[in-house]
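Let's take a walk through this structure together. Please have the sequence and the 3D view ready.

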Amino acid sequence: MYGNLWRRPGFSEVWPGPGALEARGRVLWNNNHRLASLTHHYQGKSEVNGGYERYLEWAQTAGERAGAAILTHYRTTGPVDLKSDGSPVTPADRAAHEVIMTVLAQATPDVPVASEEGGEIAGDRYWSVDPLDGTKEYVARTGAFVVNVALVEGGRPVVGVIFVPVTGECYFALKGGGAFKKTPAGVQRLNGRAFLGGPVRVVGSARHGTEAVTGLCEALACDEGGIERTALGSAWKFGWLAEGRADLYPRFGPTHTWDTAAGQCLVEESGGAVWVAGRQPLIYHHARQLNPSFVAVADARFAWPDFL
Ligand SMILES: Nc1ncnc2c1ncn2[C@@H]1O[C@H](COP(=O)(O)O)[C@@H](OP(=O)(O)O)[C@H]1O
Ligand SMILES: [Mg+2]
């Protein structure tokens with residue numbers, strides 16, 4: 001046993017930004033809003049789950065159309081600008097944002113949208129959108145970039161869509177309704193993978209917090225019979241957890257809420273979890289754009305925090 005994950009170097013417990021205190025103290029999930037469980041398969045257009053399937057369909061439409069817009073730009077070499085925080089932004093980011101805003105404004109005019117590229121942020125229920133997550137990967141042409149669309153309610157992601165433009169894969173999940181992946185071959189349910197011993201498959205950012213993750217991997221390699229580590233950009237990492245390609249996604253250092261909300265819904269619905277310090281679930285608040293460090297796991301039943 002190594003020690004306590006939450007005390008590892010580089011793991012930040014701090015919830016950055018305004019709204020942090022409210023976010024920590026919130027009721028995590030209101031039973032009145034608990035969604036009835038779907039049994040084994042996505043039920044299409046039925047009204048189970050309180051009508052949230054309609055939100056899922058709109059999120060899928062927005063994600064897929066944004067992905068198509070991104071691909072038209074990806075075929076050419078366009079300009080790269082820098083935002084005030086020094087992160088890159090391209091015409092593809094802006095085009096994807098416009099597409100998503102148009103779809104969501106038509107579908108749910110009363111639901112505000114918090115997008116990386118701008119939008120309102122208010123209320124208990126809102127869309128959390130990253131039109132092009134992994135912009136550095138897009139610029140570097142690695143293909144590891146996605147579109148994230150999530151619906152957040154009561155601090156929890158209840159709908160999550162991650163669309164991968166270069167492969168056409170669409171990961172999606174509905175709170176209480178399961179996690180799925182849609183490809184041209186069809187729709188498959190995602191169940192993560194039970195962790196039954198090493199090697200541990202770790203997936204992490206290609207560009208952020210890699211040294212701290214290396215320290216964690218060294219400890220794991222000693223204790224768990226080795227690790228297999230993959231660097232992958234964007235929220236695609238959550239898709240890997242959900243589909244059983246990875247066991248652990250440790251994230252040391254800040255992310256934005258739109259980087260994680262869709263992926264968290266996917267991972268939670270496939271048997272995993274996204275934990276901040278103390279094994280608490282990552283939660284959201286409209287007034288807060290930054291997340292603390294977290295670790296996402298494919299198998300929430302395994303006692304990762306004690307072990308790491
Ligand atoms: N210092 C920082 N503060 C907040 N978010 C950061 C950050 N460094 C990286 N990120 C987030 O991490 C995302 C990239 O993650 P990864 O390295 O896993 O691909 C970025 O998404 P964008 O590419 O959409 O800007 C950005 O939101
Ligand atoms: Mg992002």
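What follows looks at the nonpolar core and then at an annotated site.

Keep in mind as we go that this is a predicted model. A good place to begin is the largest nonpolar core, which has 89 residues. Those with the most contacts inside this core are Ala96, Ile100, Val149, Val159, Ile162 and Leu266. Helix α2, covering residues 52-74, supplies the largest share of the core, with 9 residues. The core also takes at least three residues from each of domain 1 (5-27 + 192-307) and domain 2 (32-190).

To see this core from one residue, centre your view on Val159. Leaving aside neighbours within four places in sequence, Val159 is in contact with Tyr52, Tyr55, Leu56 and Ala59, and also with Ala150, Leu151, Leu174 and Cys265.

Now let's turn to the site. An unreviewed UniProt entry lists Asp130, Asp133 and Asp259 under "binding site". These residues span 130 residues in sequence, yet no two of their C-alpha atoms are more than 6.7 Å apart, so they gather at one spot.

Asp133 lies in strand β4 (residues 125-133). Asp133 counts as buried because 28 other C-beta atoms lie within 10 Å. Beyond its neighbours within four places in sequence, Asp133 is in contact with Phe145, Val146, Asn148, Ser234, Ala235 and Asp259.

Asp259, for its part, sits in helix α7 (residues 257-269). Asp259 is buried too, with 24 other C-beta atoms within 10 Å. Not counting residues up to four places away in sequence, Asp259 touches Asp130, Asp133, Asn148 and Ala235.

Methods: Residues are numbered from 1 along each chain as its sequence is written. Chains are lettered from A and ligands numbered from 1 in the order in which they are written. This is a predicted model: local features need pLDDT of at least 70, side-chain atom pairs count only at pLDDT 80 or more; totals for chains, interfaces and linings use all residues. A nonpolar core is a set of buried Ala, Val, Leu, Ile, Met, Phe, Trp, Tyr and Cys residues joined through C-beta atoms within 7 Å. A residue is buried if 20 or more other C-beta atoms lie within 10 Å of its own, exposed if 12 or fewer, and partly exposed in between; C-beta atoms are placed from the backbone. Helices (H or I, at least four residues) and strands (E, at least two) are DSSP runs, numbered from the N terminus. Domain bounds come from an automatic or database domain assignment. Two residues are in contact if their C-beta atoms, placed from the backbone, lie within 7 Å. UniProt positions are given in the numbering used here, feature names are shortened, and annotations may be inferred rather than shown by experiment.
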